[in-house]
Amino acid sequence: MRIIVFSLLLTLAACTSPPATDTKQTKKTTPVEPTSATPTKKHPLAKYIELVGFRLSEAGGGKLKVKFVVVNHSEADIGDLGVRVRLTTGSAKPDDDPIATFDVKVPALGPEEIQDVSATTPSKLRIYELPDWQFLKAEFEILSPQP
C-alpha cells in the first residue's frame, strides 16, 4: 500500500513540473487601465467624486445614450450634483472636438455610495464610429452646488 501511495505522489510531482519556457520573443501588451473622469476645475467636492464605467449606445435619431457610474468616496452625504461631462478619445488633441458634451443631474449620494447615471445627448456619430469604452477619456466639472 505504501508503495502505491509513494508512486502516486511521485507521479503527481512529475505532472506539476514548470512548463518549458518559450525562447521566442512575444509581443508584450499592457493591460487596459480603467479610465475615470478627471475634474477640469477645482471644486471642493471634486476630490471625493469619481465618474467611471462609461458605456455608449445609440438612442435613435442622432442621439447618443451615455451610461456611467458616479462614486462618492467620502464619509459624508453629498446632495444632488449638477455635472458637465466632456467625452473624448485618449488620443484626442486638446483642440479636437469632443465626442459628446452633456450636463447631467446626479442624485444625492450617501457615504461611499455609487449611483448609476445615464444621459442622452445629440451626436453626429453612429454607434460603429464611436470608440470602445477603453479608449474613452472623460473630464467633468461640478456645476452645482456652487462652492
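Let me begin with a definition: two rings of Phe, Tyr or Trp count as a pair if their centres lie within 6.5 Å. By that criterion, the structure before you, which is a predicted model, holds two aromatic pairs.

The first pair to consider is F54 with F68. Their ring centres are 4.9 Å apart and their planes meet at 25°. Planes under 30 degrees apart count as stacked, so this pair is stacked. The two residues come from distant parts of the chain: F54 belongs to strand β2 and F68 to strand β3, with 14 residues separating them. Both F54 and F68 are buried.

The second pair is F68 with F102. Here the centres lie 6.3 Å apart and the planes stand at 50°, so the pair is tilted. This pair, too, links distant parts of the chain, with F68 in strand β3 and F102 in strand β5, residues 100-106, 34 residues apart. F102 is buried, as is F68. Through these ring pairs, F54, F68 and F102 are linked into a cluster.

I turn now to the sheet. Strands β2 and β3 belong to an open sheet of three strands, in the order β2-β3-β6, and the pairing is antiparallel. Why do β2 and β6 each have one side without a neighbour in the sheet? Strand β2, residues 49-58, and strand β6, residues 114-122, stand at the edges with a single partner strand each, so one side of each remains without a neighbour. On average, and ignoring direction, neighbouring strands of this sheet are turned by 25° against each other.

Consider the individual pairings. Eight bridges join β2 to β3, the latter comprising residues 63-72. Within this pairing, L51 has V70 as its bridge partner in β3, and S57 stands opposite K65. The two strands form a hairpin with four residues between them, and G60, in the turn, has a positive phi of about 80°. On the other side of the sheet order, nine bridges join β3 to β6, again antiparallel; there, V71 has I114 as its bridge partner in β6.

Finally, I draw your attention to S123, in the loop between β6 and β7, the latter being residues 136-144. Is S123 buried or exposed? Its relative accessible area is 12%, and since buried means under 20%, S123 is buried. A polar atom of the S123 side chain lies 3.1 Å from the backbone nitrogen of L125. Leaving aside residues up to four places away in sequence, S123 touches G62, K63 and L64.

Conventions:
Residues are numbered from 1 along each chain as its sequence is written. This is a predicted model: local features need pLDDT of at least 70, side-chain atom pairs count only at pLDDT 80 or more; totals for chains, interfaces and linings use all residues. Side-chain values use heavy atoms; hydrogens and water are left out. Two strands pair if DSSP finds at least two bridges between them. Axes are lines fitted to C-alpha atoms, for helices over the stretch in contact, and angles run from 0 to 180 degrees between N-to-C directions. Buried means under 20% relative accessible area, exposed over 50%, partly exposed in between (1.4 Å probe, protein chains only). A polar contact is a pair of N or O atoms within 3.5 Å; within protein, one must be able to donate a hydrogen and the other to accept it, and residues adjacent in sequence count only if both atoms are side-chain atoms. Contact means heavy atoms within 4.5 Å. Rings of Phe, Tyr and Trp (its six-membered ring) pair if their centres lie within 6.5 Å; planes under 30 degrees apart count as stacked, over 60 as edge-to-face and the rest as tilted.
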